[in-house]
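Welcome to a short walk through one protein model. Take a moment to load the coordinates beside the sequence, and then follow along.

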Amino acid sequence: MGFQAFLDIAVVALRFMLPLYAVVIIYQCYASMRRHRRPEKPLVTLELKDSGHQIPVLFWENSIGRSKGSDICVNDPAVSRDHCVLLRRQEGWMVSDIGSKGGTYVNGRKARSRTQVLIDDEITVGTTTFVLKRGDEFQDRIRPSWFFSKASNKGSLQPYKLMLLITFFHLFMTVEACFTNEVQDFAPFTVFVLLELLLWAFFFTSTFAFKRINFELEALASFLTGIGVILLVRQEMRSAYVQLIAAAIGIVLFCIVVKFIENPDRVNSWRMTIMIGAVALLAINLIFGTVQYGAANWIRIGSISVQPSEFVKVAYIFVGAAALDKLQTKRNFLEFIVFSAVCVGALALMGDFGTALIFFATFLIIAFMRSGDFKTVLLALVSVVFAGTIVLKFKPYVADRFAAWGHVWEHAQDTAYQQARVLTYTASGGLCGVGVGNGYLKYIGASESDLVFGLVAEEMGVIVAFAIVIAIVTLSFYARAITTRSRSTFYSISACCAAGLMVIQTALNVFGATDILPLTGVTLPFVSAGGSSIIACWGLLAFIKAADERTYAAKRLKKHK
């Protein structure tokens, strides 16, 4: 057997192996997350002074009130619907009244601001008095979150082993890219080496410099980022390097955001500054933005183009979560509504209706978490339908996309040209794909960004494409599971909203490219080409990372020694 024949067999073997390998990596990432069990004992308990009945306190921040949506619901007519908050900070346990009618009392003295509460202190709300007790005195078993409930006792895969799995996956992709049907050279190896140097430097920095005890989220994002970078090497090598540089900036932003929001009390003091900065960024975009792909949401600085709306996503989550975290003044929420209207309105003026839709959907998540009322969401949906009708009337090109929606083969040579090619080449890729660099969708405009789901499906197979989608969607379940132990409501809200935003963006990208929804021109998180997009995705991931109680565990242990 000649060398060329052996090489051909090896490349074909890689093509069939990579889909299963991708599934194994994603499974290992989430299996490691699931094996992190919640503690079975509450942090502290509140004991009713009259009856001795104990209520477990499970969270770092706990709303107390008559409302059924409160973490600790008190059946007492003298208690306000939203009465006070019991929260844990570095200094210990605190209670903070949130504008109740009757006030909150600690050991008989009215709490006029955040007041420290010690073990065996009494907290009075209305006619009800609680005594703060240690959590280890609670006898009942606390059921763990469903996400972790079926986790085995088997130890998780060591982070360095997970990184090795990811490195070899990227290596096998690179080998495929080196030996395509059209070009055979070793140019992709330079990108591969730089990529792995970046990811391993990040791993060692996180493990040894920041003392992080978990790396599953970062590993998953590194895996997806690497796929996006290597897919570009046979489209345009310059784009691969740009994506690599953007990924490095995104990783730095991830570290900065995790560090910046480490102190929950710092968050609200920066809320207004970040809000003003985001609005200013959108204003600059409106004034100096250039039209690209039908939307004036790009700013060109020499040969570099930047999409400011991607960075505003990070600010939007920060401001929205901070507005809710201040437990829960109407003024803060009204500020956020105005901020949301400004963001969505500015994006609509730019013609970036895909991103505007993502912002609006994220607003719905935040609005529901704020009110718990479906009527609020329904009113917002009616408003957006009305606004959408106006857009279709005054923006003909948007109406054209809707006209082609569901009729892709009738418009295969005009308005649905891209979707028709995605469906065709996805089918030709089959389960295992035609090999990295061997696809034809790469010759279609926006194949590396808006249509990247089809590119992955064609070159790597639908198994890998759907595995990537499932990995991103599962982030929302993970975010929801870990927020029950978050150190602040800010972390809980921001993690759920960041994960929700990425899921919505994924749905719009995948369903738009495959004609299930109109094509909106948004990117697939971490995988699509676009420097601004990948930087923003790493920034959003930081909110989910911060919500995991293990993130700051090493520092807390060091302080308590």
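The sections below go through the sheets, the nonpolar cores, the cavities and two buried residues.

## About the model

Please keep in mind that this is a predicted model. Residue numbers start from 1 along the chain as its sequence is written, so you can jump straight to any position named here.

## Two open sheets

Let's begin with the strands. One open sheet is built from 6 strands in the order 2-1-11-10-7-8, with antiparallel pairing. Strand 2 (54–57) and strand 8 (109–110) are its edge strands, each pairing on one side only. Inside this sheet, strand 7 (residues 104–106) and strand 10 (residues 122–125) are joined in the antiparallel sense over 3 bridges. If you would like a spot to zoom in on, try Y105, whose bridge partner in strand 10 is T124.

A second open sheet has 5 strands, in the order 4-3-5-6-9, and here the pairing is mixed. Its edges are strand 4 (72–73) and strand 9 (115–117), each of which pairs on one side only. Strand 6 (residues 92–97) meets strand 9 in the antiparallel sense, over 3 bridges. Within that pairing, M94 stands opposite Q116 of strand 9.

## The nonpolar cores

The largest nonpolar core takes in 124 residues, and F169, I261 and I544 are the ones with the most contacts inside it. Apart from it lies another core, of 19 residues, which includes V44, V117, F130 and L132. As a general rule, nonpolar side chains in soluble globular proteins tend to be buried together.

Which residues does I544 touch, not counting those up to four places away in sequence? They are L217, Y478, A479, I482, A495, A498, A499 and M502.

## The cavities

How many cavities of 30 Å³ or more does the structure hold? There are 4 of them, and the largest encloses about 50 Å³ of space. Its lining is made by F202, S206, F210, R212, E218, F254, C255 and V258. The elements that give two or more residues to this lining are helix 4 and helix 6 (237–260).

Helix 6 gives the most to the lining of the largest cavity, namely 3 residues. Sorted by class, that lining has 5 nonpolar, 1 polar and 2 charged residues.

## S206, a residue at the cavity

S206 belongs to helix 4 (residues 188–209) and is one of the residues lining the largest cavity. Is S206 buried or exposed? S206 counts as buried because its relative accessible area is 3%, while the cut-off for buried is under 20%.

Setting aside neighbours within four places in sequence, S206 is in contact with K211, R212, F215 and E218. Two names from that list, R212 and E218, also appear in the lining of the largest cavity.

## A471, buried in helix 15

A471 sits in helix 15 (residues 462–482). Its relative accessibility is 0%, so A471 is buried. Beyond its neighbours within four places in sequence, A471 is in contact with I26, Y30 and L220.

How far apart in space are A471 and L224, C-alpha to C-alpha? The distance is 9.3 Å, although 247 residues separate A471 and L224 in sequence.

Notes. This is a predicted model: local features need pLDDT of at least 70, side-chain atom pairs count only at pLDDT 80 or more; totals for chains, interfaces and linings use all residues. Side-chain values use heavy atoms; hydrogens and water are left out. A nonpolar core is a set of buried Ala, Val, Leu, Ile, Met, Phe, Trp, Tyr and Cys residues joined through side-chain atoms within 4.5 Å. Buried means under 20% relative accessible area, exposed over 50%, partly exposed in between (1.4 Å probe, protein chains only). Contact means heavy atoms within 4.5 Å. Two strands pair if DSSP finds at least two bridges between them. Helices (H or I, at least four residues) and strands (E, at least two) are DSSP runs, numbered from the N terminus. On a 1 Å grid over the protein atoms alone, a cavity is a set of points where a 1.4 Å probe fits but cannot get out, and a pocket is an open set with protein on both sides within 12 Å along at least five of seven lines; lining residues have an atom within 4 Å of a point. Grid points are joined across faces, edges and corners, and a volume is the space filled by probe spheres set on the points. Ala, Val, Leu, Ile, Met, Phe, Trp, Tyr, Cys and Pro count as nonpolar, Asp, Glu, Lys and Arg as charged, and the others, Gly among them, as polar.
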